[in-house]
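The following paragraphs lead the reader through one protein structure, from its overall arrangement to individual side chains. Please keep the sequence and the coordinates at hand while reading.

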Amino acid sequence: YRDAAAVEATLTPLGLERELRVGGRRVLERTFVPHEMPAAIVEWRAPDGAELHVSWRTDAPGPDGEAAFVFSEAPAEYTVTDARGAARRHDARLRIGPGGSIRLGILGTVGDAPLETTRRALRPDDLVYARAAAVRRLRRERLGVESPDPALNAAVAWGAVRIGPRTL
């Protein structure tokens, strides 16, 4: 991110959450890996709206693996340029309306896995909603603790997630 400052990072049952300040605005970034596919989901939420410039580098796909990037909505701009060696630079400018969010699904395959079939099945929004529903269900159906000690509460919540069904 350009001009972004991390304010806080927390590991929760929903994923790694970072609070960022981007251009003076608050942005919540959440990252998680779904169990049901070889992917990672990154979600950005902006209570007051924000414009993000996100950049990353990838190696050019080789014979043993491929990668795909799927946004929940089209970025304002998206470019891919060749960098040094076999690397490529990806740049995306994202506009998030007040109270809105944008999700990026990062999908990889190795060997004979059918990237295109998996890419068509990748629905970042659906995976985010399914994970949140699974965490809510675990909290309803499993052991929980509410105490004055936030560390104890977090430890018990993590324990429930770790012994819960593999749907997270």
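A residue is called buried here if its relative accessible area is under 20%, and exposed if that value is over 50%. Arg 93 has a relative accessible area of 18%, and therefore counts as buried. This value, like every other in the text, is computed from a predicted model. The surroundings of Arg 93 are taken up again below, once the framework has been described.

The protein chain contains three helices and nine strands. Read from the N terminus, the elements follow the order β-β-β-β-β-β-β-β-β-α-α-α. Of the 168 residues in the protein chain, 36% are buried. Among contacts between residues at least 6 apart in sequence, 57% join residues at least 24 apart. The confidence of the prediction should be kept in mind: the chain averages a pLDDT of 79, and 74% of the residues score at least 70. Confidence is highest in strand 3 (residues 25-32), with a mean of 92, and lowest in helix 1 (residues 115-121), with a mean of 65.

The pairing of strands may be followed from the N terminus. Strand 1 (residues 4-12) and strand 2 run antiparallel and are joined by eight bridges. These two strands form a hairpin, with two residues between them. Within this pair, Ala 4 stands opposite Val 22 of strand 2.

Further along the chain, which strands form an open sheet, and in what order? Three strands take part, in the order 5-8-7, and their pairing is antiparallel. Strand 5 and strand 7 (77-82) are the edge strands, each pairing on one side only. From one strand to the next, the twist averages 15 degrees. Strands of a sheet pair through backbone hydrogen bonds, either parallel or antiparallel. Between strand 5 and strand 8 there are 10 bridges, and the two strands run antiparallel. One of the bridge pairs consists of Ala 50 and its partner Ile 96 in strand 8.

Arg 93 can now be placed within this sheet, as a residue of strand 8 (residues 87-96). The side chain of Arg 93 makes a polar contact of 2.3 Å with the side chain of Glu 77. Leaving aside residues up to four places away in sequence, Arg 93 touches Glu 51, Leu 52, His 53, Pro 75, Ala 76 and Glu 77. On strand 5 (residues 50-59) lies Val 54. Val 54 has a relative accessibility of 8% and so counts as buried. The C-alpha atoms of Val 54 and His 90 are 8.1 Å apart in space, although 36 residues separate the two in sequence.

The nonpolar interior comes next. The largest nonpolar core comprises 16 residues, and those with the most contacts inside it are Val 27, Trp 44, Leu 52, Phe 71 and Leu 94. Two or more residues of this core come from each of strand 2 (15-22), strand 4 (39-46), strand 5, strand 8 and strand 9 (100-110). Strand 5 supplies the largest share, four residues. A second, separate core has eight residues, among them Met 37, Ala 68, Leu 107 and Leu 127. Of the residues named for the largest core, Leu 94 shows how distant parts of the sequence are brought into contact: with residues up to four places away not counted, Leu 94 touches Trp 44, Ala 50, Glu 51, Leu 52, Val 54, Phe 71, Pro 75 and Ile 102.

Leu 107, a member of the second core, lies in strand 9. The relative accessibility of Leu 107 is 1%, so this residue is counted as buried. Leu 107 and Glu 66 are 41 residues apart along the chain, and their C-alpha atoms are separated by 8.3 Å.

Is the charged residue Glu 43 buried or exposed? Glu 43, found in strand 4, has a relative accessibility of 3% and therefore counts as buried. Two polar contacts of its side chain may be examined in turn. The side chains of Glu 43 and Arg 103 are joined by a polar contact of 2.7 Å, and those of Glu 43 and Arg 45 by one of 3.2 Å. Beyond residues up to four places away in sequence, Glu 43 touches Leu 28, Glu 29, Arg 30, Ser 101, Ile 102, Arg 103 and Val 128.

Key. Residues are numbered from 1 along each chain as its sequence is written. This is a predicted model: local features need pLDDT of at least 70, side-chain atom pairs count only at pLDDT 80 or more; totals for chains, interfaces and linings use all residues. Side-chain values use heavy atoms; hydrogens and water are left out. Buried means under 20% relative accessible area, exposed over 50%, partly exposed in between (1.4 Å probe, protein chains only). A polar contact is a pair of N or O atoms within 3.5 Å; within protein, one must be able to donate a hydrogen and the other to accept it, and residues adjacent in sequence count only if both atoms are side-chain atoms. Contact means heavy atoms within 4.5 Å. Two strands pair if DSSP finds at least two bridges between them. Axes are lines fitted to C-alpha atoms, for helices over the stretch in contact, and angles run from 0 to 180 degrees between N-to-C directions. A nonpolar core is a set of buried Ala, Val, Leu, Ile, Met, Phe, Trp, Tyr and Cys residues joined through side-chain atoms within 4.5 Å. pLDDT is the predictor's confidence in each residue, from 0 to 100.
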